[in-house]
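Student: I'd like to learn how to read a fold like this one, feature by feature. Can you walk me through it?

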Amino acid sequence: MRFVLKIKLGDDAMEDQHDVAAALRGVADRLSKLVSTKFGPYGLEGKIMDRNGNTVGGWEVKGEHDDNDD
């Protein structure tokens, strides 16, 4: 399995390392609140939001049978 995270930079609320760090903390907080302690064979996914509430990316856990590298 793989954890894949993508963040699009360039909008007003995603311009520098502080913005990226805040987005990563948001992902980490969501992951720490998951009910299951294991990801399982089918994976999970979620959106990444900037401080203005806009979607700037996403994360996913890809299952062992997903061999797409994007």
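**Reading the fold, step by step**

Tutor: Sure. Keep in mind that this is a predicted model. Let's begin with the helix: α1 covers residues 17-32 and lies across β1, β2 and β3, running at about 145 degrees to β1.

Student: Which elements does the protein chain have, and in what order do they run from the N terminus?

Tutor: The chain has one helix and three strands. Going from the N terminus, you meet them as β-α-β-β.

Student: Next, the sheet. What is the order of its strands, and how are they paired?

Tutor: The general idea is that strands of a sheet pair through backbone hydrogen bonds, either parallel or antiparallel. Here the three strands form an open sheet in the order β1-β3-β2, and the pairing is antiparallel. The edges are β1 (2-7) and β2 (44-49), each of which pairs on one side only. From one strand to the next, the twist averages 15 degrees.

Student: How many bridges join β2 to β3?

Tutor: Six bridges join β2 to β3, the strand of residues 55-62, and the two run antiparallel. If you want register marks, glycine 46 has tryptophan 59 as its bridge partner in β3, and methionine 49 stands opposite threonine 55.

Student: And how many bridges join β1 to β3?

Tutor: Six bridges join β1 to β3, again in an antiparallel run. On that side, lysine 6 stands opposite glycine 58 in β3.

Student: What should I remember about side chains when I look at a strand?

Tutor: In a regular strand the side chains alternate between the two faces of the sheet. With that in mind, let's look at the packing.

Student: Which residues make up the largest nonpolar core?

Tutor: There are seven: Met14, Ala23, Val27, Ile48, Val56, Trp59 and Val61. Both α1 and β3 supply at least two residues each, with β3 giving the most, three residues. Methionine 14 is a good one to click on. Leaving out residues up to four places away in sequence, methionine 14 touches Ile7, Lys8, Leu9, Asp19, Val20, Ala23, Asp50 and Val56.

Student: How much of the chain counts as buried?

Tutor: Of its 70 residues, 21% count as buried. The accessible surface comes to about 5,300 Å², and 51% of that belongs to carbon and sulfur atoms. Looking at contacts with a separation of 6 or more, residues 24 or more positions apart account for 53% of them.

Student: What about aromatic pairs: how many does a search of the whole structure find?

Tutor: In general, a pair of aromatic rings is described by the distance of the centres and the angle of the planes. The search finds one pair here. Phenylalanine 3 and tryptophan 59 are stacked, at 5.9 Å centre to centre with 20 degrees between the planes. The pair links distant parts of the chain, since phenylalanine 3 sits in strand β1 and tryptophan 59 in strand β3, 56 residues apart.

Student: Is tryptophan 59 buried or exposed?

Tutor: Tryptophan 59 has a relative accessible area of 4%, so it counts as buried. Phenylalanine 3, its ring partner, is at 40% relative accessibility and therefore counts as partly exposed.

Student: Let's finish with the loops. Where does glycine 53 lie?

Tutor: Glycine 53 lies in the loop between β2 and β3. The hairpin of these strands has five residues between them, and glycine 53 takes a positive phi near 90 degrees there. Its relative accessible area is 43%, so glycine 53 is partly exposed.

Student: Where does alanine 13 lie?

Tutor: Alanine 13 lies in the loop between β1 and α1. Alanine 13 is at 2% relative accessibility, so it counts as buried. Apart from residues up to four places away in sequence, alanine 13 touches Asp19, Asp50, Arg51 and Asn52.

Student: How many residues separate alanine 13 from glycine 53 along the chain, and what is the distance between their C-alpha atoms?

Tutor: They are 40 residues apart along the chain, and their C-alpha atoms are separated by 9.2 Å. Try asparagine 54 as well: alanine 13 and asparagine 54 are 41 residues apart in sequence, with 8.6 Å from C-alpha to C-alpha.

Terms used. Residues numbered from 1 in each chain as written. Predicted model: local features only at pLDDT ≥ 70, side-chain atom pairs only at ≥ 80, totals over all residues. Heavy atoms only, no water. Pairing = 2+ DSSP bridges. Helix = DSSP H or I, 4+ residues; strand = E, 2+ residues; numbered from the N terminus. Axes fitted to C-alpha atoms, helices over the stretch in contact; angles between N-to-C directions. Contact = heavy atoms within 4.5 Å. Buried < 20%, exposed > 50% of the residue type's maximum accessible area, 1.4 Å probe, protein only. Areas by Shrake-Rupley, 256 points an atom, 1.4 Å probe, with all protein chains shown as cover. Core = buried A, V, L, I, M, F, W, Y, C linked by side-chain atoms within 4.5 Å. Phe/Tyr/Trp six-rings, centres within 6.5 Å; stacked < 30°, edge-to-face > 60°.
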